[in-house]
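Student: I should like to take a close look at a single part of this structure, the strands and how they pair. Could you then connect that part to the rest?

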Protein chains: 2
Amino acid sequence: MKLLTRMVPALDWARDYNREYFASDTLAAIIVTIMLIPQSLAYALLAGLPAEMGLYASILPLIAYALLGSSRTLSVGPVAVVSLLTASAVGKIAESGSVDYITAAIAMALISGLMLIVMGFLRFGFLANFLSHPVVSGFITASGLIIALSQMRHILGIDAHGDNLLELIGSLGANIGSVNGLTLVTGGAALGFLFWARRGLRPLLMRFGFTGSSAAMLAKAGPVLVIMATILASYYGDFGAQGVALVGQVPRGLPSLSMPAYDPELWSDLFVSALLISIIGYVESVSVGKTLGAKRRQRINPNQELVALGAANVASAVSAGFPVTGGFSRSIVNFDSGAQTPMASILAAMGIGLAALLLTPVLFFLPKAALAAAIIVAVTSLFDFGVVARAWRYSRSDFIAISTTIVITLGLGVELGVLSGVLSSVLLHLYKTSRPHIAVLGAVAGTEHFRNIDRHNVITHKNIVSIRVDESLYFANASYLEDYIYNLIAKDQDLEHVILLCTAINEIDMSALEALEAINYRLKDQGITLNFSEVKGPVMDALHSCDFLEHLSGRIFLSHHQAVKALKCDEIEPYII
Amino acid sequence: MKLLTRMVPALDWARDYNREYFASDTLAAIIVTIMLIPQSLAYALLAGLPAEMGLYASILPLIAYALLGSSRTLSVGPVAVVSLLTASAVGKIAESGSVDYITAAIAMALISGLMLIVMGFLRFGFLANFLSHPVVSGFITASGLIIALSQMRHILGIDAHGDNLLELIGSLGANIGSVNGLTLVTGGAALGFLFWARRGLRPLLMRFGFTGSSAAMLAKAGPVLVIMATILASYYGDFGAQGVALVGQVPRGLPSLSMPAYDPELWSDLFVSALLISIIGYVESVSVGKTLGAKRRQRINPNQELVALGAANVASAVSAGFPVTGGFSRSIVNFDSGAQTPMASILAAMGIGLAALLLTPVLFFLPKAALAAAIIVAVTSLFDFGVVARAWRYSRSDFIAISTTIVITLGLGVELGVLSGVLSSVLLHLYKTSRPHIAVLGAVAGTEHFRNIDRHNVITHKNIVSIRVDESLYFANASYLEDYIYNLIAKDQDLEHVILLCTAINEIDMSALEALEAINYRLKDQGITLNFSEVKGPVMDALHSCDFLEHLSGRIFLSHHQAVKALKCDEIEPYII
């Protein structure tokens, strides 16, 4: 039973479900539904897909996550970055808007869903840890910029495409002559209103007598107001006839369920992109889930999240949707509107279902410029340019990783951007640990403490050198240590004992063990002993499992103080400590 | 001048060159030449190339390395693993033996050479550190197995091909019916003699009056004896007419020099493989160079080695050769025969040049089975199956990395094998550091030392918990630490102070800083202070560069003892230490 509730967390919350929860959840569901309608249409547009697919991707996936997810308030559906990644990946293998394009986007949801489920069963949740936070925010900022720029064509009413900053700017510049005036007015007005609404709507509503929290909630409905206003304007002003791009015919009704066919060639083309989308989507979702969970002291199970997001994507694929994940803004709205359990998401899914049944005729008149404005305003709220400055001040290597990610994302597109983000942070970490900080130590007078001779005024002894390596010893730094010690003994002809203080050594892998063996033999050759002090338990256990200690020219000491005392005694100065 | 001698190390040794050196170098050159002739023919066969290309690859590359290399005794030329990698990469884009195949192999040498030179100028020598030693020996053992198996077709006189163990076994099995008896006898005899010669020839020679060292040297000439004997047998026994595969027509003379044409499509096809070959070749060569250098206290300059090996490969390409690198067995022979300077290699290159001018008519009759036998015996000396057992005993993660490398190399081929070796060792390292060892500490009675409460009998204090994280804090383990501390405070309701002992923390990156900020706020919320002790200089410097310390709920202490003393005092038990 415990296993079952862990596999299907819905069993847990459903047991204690009561009328009070239902009331809160219903209210949250209504607010989220209103917000989700424009959002899902907009992200379908961003992914280069028909508007109805945005609605489809916001029905079954919500229910799947509600049943399996470990977060109580996360809201799943199409999100900006994943939609952009989908467009970028699918755009490489099919013409935007074609049937193949749609098939590929659906297949992408299925592949990515299956990958997530497999990763969940393999307990790969820890993988999310390999993406550094600052790198992720750099990536999201850069892709937000690309998204905003890619939507400018809808605001301007021109044709422009591109996967990166230069292509987009070039393409916009080339077509800037054919701007449609009415489109620009519609888009510009929508943009202006939405940017103003972010800060100005709430105080205005409060002046009209709304309480602080309901005003805050209503202020989030800005996009809905824009959609309604532009639909009315478009209908009565006959925008379509004046060259304004409209959403147009949207099929009425719920999606029909069908399993996408297995197409080996397509699947292998999509494989790498699907992996990227899965990981990025998962990282984004888990970080939102953790943030919300922390506020109510609820815990997220990373492996369960993989399975739940995987199921949501499979559900999206079988109902003609595209890749989804937990979104930041929608989850915040869900949380702030008082959602208590995932029932809120199930109710919101029903709300979107109703919209698909009833609202589609109205959507015909919706100008794409209004949706583009909603996207642009949404992504600008994700911008965090400050992270670059903070990184510059705090850590040069974080700065390099973040700027690499941003530059590659802007210059070469989102997929290479993510990859370079992961690679650069891992490589920089390896590079740093491959050249560890090594200090030569001396005793602090009157204590048993040893400190860096370069930073402190300490006592050293002729014939003994004390070294502290500030890093675990492993393949990447094994030869660095060798070189360091060989240089040291070349400089000091009187040396008789080398003592390695091991407080910072948490592991010695086989490559490092081989290096230590080489060092031991080389020192022995020259009549110098190699000693260790304060070796940690797990490291000592490992050294005991091989024959290194049998050949060791020196000894192992419990404390560094003891080591220096003992080896100094060997040199017939026994009473001067 | 100093820069110039670093760039062209030949200027250094040439200055002090004397007659004594010349005598030693000449002797070494003669021995190496005799050994290199069969070896270079054999590795050309292994790479699927005409025999003369092996000779070509052993002339100019040796001279290029002699002028630029930082090792005095390394011998450069075709080697087993690099030849196999070349065959595997080039075989994917052209039919073995075709003109395109030869063109691609030459292009591979050029691309790989240019890559190495660029890496050298970028000072990327440290990259070699990212290959763990045990993984490299696992890879070499596995590719040795594949090489030995791939040569069995020449011993059996049948047709069989494949990139991995299963393909090779399957292919050998399918064609086993068409074994050529005389080929098998020739190959079997050669194999038998060579295996016996490895151990038995030296004692025999000594019984005939040779001194120990000259007997050892002569014993290494086993392959030459085999080549001479089989050429004679083949000539007088007319082996060719009886279906024994012979080396056949080998063009007489030196290679003509020409720069391979730039072919964008071919180059981009070869790019990834060339990178692999460059890195593997470089790692193999540097480790041989270091081993030899250590014996005579000569130092290797990793970046200079990149440039020198790059130049050797470019030299190979312009003289119709294929990828080369520093080889283990030939360098040992060169060293043991008393080579003092790279002049020995220049003389050996002239020796091979003479062979190309004079010996090629004789090579016509050489059975391929004899060369195959020489290859098989050479690679079996590289086998190190013991590394798997040693890793099993010493470290589970090294064992996983090694076995992954071996299994993938055998099962999917050498290229994927190398890649999975690098990836698995890096990922395992990250995985380990992402779940660091965290110990709760107590004081050792009567001392200022703190130790793990699970391993030692120590004194702890109510309301205070002391934690030591045995790893630097960075993106991969930031959230693990968060989870650990949240679990800890959830279990202990009386907690007032958390003290983090930072002796093993060599770095706190931005992701970890964000995690510490989150921990700080969460603890503050619950009225618990977060304190640090024994923070290292560089970490303290970084923390001072941001505003973390301003918001910190607790304090920073110089020693953990002071921290516990001070915080305990807060709890009105000031006199009991």
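Tutor: In this predicted model, strand E3 (residues 438-443) of chain A is joined by three bridges to strand E4 (residues 450-452) of chain A, and the two run antiparallel. Within this pair, Leu441(A) stands opposite Asn452(A) in E4(A). E3(A) and E4(A) form a hairpin, with six residues between them. In the turn of that hairpin, Gly446(A) has a positive phi of about 80 degrees.

E3(A) also pairs with strand E5 (residues 464-469) of chain A, in the antiparallel sense and over four bridges. One position to find here is Ile438(A), whose bridge partner in E5(A) is Val469(A). Strands of a sheet pair through backbone hydrogen bonds, either parallel or antiparallel.

Chain B shows how such pairs build up into a sheet. Six strands of chain B form an open sheet in the order E4-E3-E5-E6-E7-E8, and the pairing is mixed. The edge strands are strand E4 (450-452) and strand E8 (556-557) of chain B, each of which pairs on one side only. A parallel pair is found where five bridges join strand E6 (residues 497-501) of chain B to strand E7 (residues 529-533) of chain B. His497(B) stands opposite Thr529(B) in E7(B). In a regular strand the side chains alternate between the two faces of the sheet.

We return to chain A and follow its own strand E7 (529-533) to the loop between that strand and helix H24 (537-544) of chain A, where Glu534(A) is found. Glu534(A) has a positive phi of about 50 degrees although it is not a glycine. Most residues other than glycine have a negative phi. Is Glu534(A) buried or exposed? Glu534(A) has 22 other C-beta atoms within 10 Å, and it is therefore buried, the cut-off being 20 or more.

A second residue of this kind lies in another part of chain A. The domain assignment of chain A gives domain 1 (19-426) and domain 2 (438-570). The C-alpha centres of domain 1 and domain 2 of chain A lie 55 Å apart. Ala320(A) has a phi near 60 degrees, a positive value in a residue other than glycine. Ala320(A) is found in the loop between H14 and strand E2 (325-326) of chain A. With 25 other C-beta atoms within 10 Å, Ala320(A) is buried.

The helix that Ala320(A) follows deserves a short calculation. Helix H14 (residues 302-318) of chain A has 17 residues, and at 1.5 Å a residue these should span 24 Å. The end C-alpha atoms of this helix are 25 Å apart, which agrees with the expected span. Of the 17 residues of H14(A), 15 are buried, so the helix is largely enclosed by the rest of the structure. An α-helix has 3.6 residues a turn, so residues three or four places apart point the same way.

In chain B, the loop between helix H14 (302-318) and strand E2 (325-326) holds Gly321(B). Gly321(B) counts as buried because it has 30 C-beta neighbours inside 10 Å. Gly321(B) and Ala109(B) are 212 residues apart in sequence, yet 7.5 Å apart in space, C-alpha to C-alpha. Leaving aside neighbours within four places in sequence, the residues in contact with Gly321(B) are Met53(B), Tyr56(B), Ala57(B), Pro61(B), Ala109(B) and Ser316(B).

It remains to relate the two chains. Two copies of a chain are related by a rotation about an axis and a shift along it. Here, a rotation of 179 degrees with 0.0 Å of shift along its axis superposes chain B on chain A, with an RMSD of 0.2 Å. This is the relation of a two-fold axis. In chain B, the C-alpha nearest the axis belongs to Ala504(B) and is 2.1 Å from it.

The contact between the chains takes 43 residues from chain B and 42 residues from chain A. On the side of chain B that touches chain A, at least two residues each come from helix H8 (133-156), helix H19 (386-394), helix H21 (414-434), helix H23 (510-525) and helix H24 (537-544) of chain B. The largest share, six residues, comes from H21(B). The residues of this side divide into 17 nonpolar, 16 polar and ten charged. Finally, 98% of the interface residues of chain B are also interface residues in chain A, so the copies meet through the same surface.

Methods:
Residues are numbered from 1 along each chain as its sequence is written. Chains are lettered from A and ligands numbered from 1 in the order in which they are written. This is a predicted model: local features need pLDDT of at least 70, side-chain atom pairs count only at pLDDT 80 or more; totals for chains, interfaces and linings use all residues. The expected span of a helix is 1.5 Å times one less than its number of residues. A residue is buried if 20 or more other C-beta atoms lie within 10 Å of its own, exposed if 12 or fewer, and partly exposed in between; C-beta atoms are placed from the backbone. Two residues are in contact if their C-beta atoms, placed from the backbone, lie within 7 Å. Ala, Val, Leu, Ile, Met, Phe, Trp, Tyr, Cys and Pro count as nonpolar, Asp, Glu, Lys and Arg as charged, and the others, Gly among them, as polar. Two strands pair if DSSP finds at least two bridges between them. Domain bounds come from an automatic or database domain assignment. Copies are superposed by least squares on the C-alpha atoms of residues with pLDDT of at least 70 in both.
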